[in-house]
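Here are my notes on the charged pairs and on one helix packing, set out as numbered points. Please read them alongside the sequence and the coordinates.

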Amino acid sequence: MGRRFLPPVWNIAFVGVIAMSSTMILDAQEARMYVFLVASLVWSNVCVFRWERTGRLRDLVAAVVLMILAIQFHSLAVFGAMPLLYPGLLHADRRRLFQGIVAFVIVVGAFAVIHHWVESFFPPSQLPAPSPGARQIADKHVYADLALQFWPVALLVLAGIGYGVNALRRRIADVGLSSI
């Protein structure tokens with residue numbers, strides 16, 4: 001997706017952050033169980049890219065069907081529905097944006113139905129409130145995970161600052177200080 005919508009420098013930064021993210025590494029160890037989820041998300045995005053190039057409505061319908069299939073595998077797949085909006089936004093095409101919004105609403109609606117159906121098989125929890133000590137341990141664990149996630153984002157921000165400083169330095173060298 002990065003090659004399609006990002007310049008090459010930002011695509012490399014995007015791939016680096018994803019590849020070095022500790023959460024992605026941990027999730028990759030569990031990815032064996034989600035191979036059909038990933039495959040249906042990939043095929044859905046392939047159909048979105050075909051729809052972007054050809055404008056055929058059947059490619060958009062195929063993307064929506066594959067996205068709904070992915071939601072059947074895991075409810076978090078609904079977050080993969082955002083690319084349905086990209087072709088309309090990228091080309092500033094109102095018709096494609098409207099079609100993408102309708103497709104997005106269909107996917108989110110399917111998610112709501114599927115999620116409600118899956119949750120109907122589980123009884124409501126009647127658990128007592130956790131003790132304050134358990135809350136403190138859980139908070140420490142969450143903050144530790146956030147600290148692990150901070151460094152790839154920090155590297156991306158530093159790379160962006162470096163890119164901006166370098167672009168400004170080149171402009172000063174090319175144009176001269178008087179025109180800035």
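**Notes on salt bridges and a helix pair**

1. The model is a predicted one, and side-chain atom pairs were counted only at pLDDT 80 or more. With that in mind, the search for salt bridges over the whole structure returns 3 of them.

2. Which residues are linked in a network of salt bridges? They are Arg-50, Arg-56 and Asp-59. Asp-59 pairs with Arg-50 at 3.4 Å between the closest N and O atoms, and the side chain of Asp-59 also meets that of Arg-56, with an N to O distance of 3.3 Å.

3. The members of this network differ in how they are classed by accessibility, and the values are worth setting out. Asp-59 has a relative accessibility of 2% and therefore counts as buried, the limit for that class being under 20%. Arg-50, at 31% relative accessibility, counts as partly exposed, and Arg-56 is likewise assigned to the partly exposed class, at 35%.

4. A further salt bridge joins Asp-93 to Arg-96, where the closest N and O atoms lie 3.8 Å apart; for a reader concerned with cut-offs, the criterion applied is within 4 Å. Is each partner buried or partly exposed? Asp-93 is partly exposed, with a relative accessible area of 24%, whereas Arg-96 is buried, with a relative accessible area of 11%.

5. Turning to the helices, helix 4 spans residues 35-54 and helix 5 spans residues 57-73, and their axes come within 8 Å and cross at roughly 165°. Helix 4 is therefore roughly antiparallel to helix 5, since angles over 145 degrees are placed in that class. The crossing of helix 4 past helix 5 is left-handed.

6. As for the residues that bring these two helices into contact, the helix 4 side includes Phe-36, Leu-37, Leu-41, Trp-43, Cys-47, Val-48 and Trp-51, and among those that they meet on the helix 5 side are Leu-60, Ala-63, Leu-66, Met-67, Leu-69 and Phe-73. By class, the contact of helix 4 with helix 5 has 15 nonpolar, 3 polar and 2 charged residues.

7. The two topics meet at one pair of residues. Arg-50 in helix 4 and Asp-59 in helix 5 are both listed in the contact between these helices, and Asp-59 forms a salt bridge with Arg-50.

Key: Residues numbered from 1 in each chain as written. Predicted model: local features only at pLDDT ≥ 70, side-chain atom pairs only at ≥ 80, totals over all residues. Heavy atoms only, no water. Buried < 20%, exposed > 50% of the residue type's maximum accessible area, 1.4 Å probe, protein only. Axes fitted to C-alpha atoms, helices over the stretch in contact; angles between N-to-C directions. Helix = DSSP H or I, 4+ residues; strand = E, 2+ residues; numbered from the N terminus. Parallel < 35°, antiparallel > 145°, perpendicular 65-115°, else oblique. Left-handed = near helix turned anticlockwise from the far one by under 90°. Contact = heavy atoms within 4.5 Å. Nonpolar A, V, L, I, M, F, W, Y, C, P; charged D, E, K, R; others polar.
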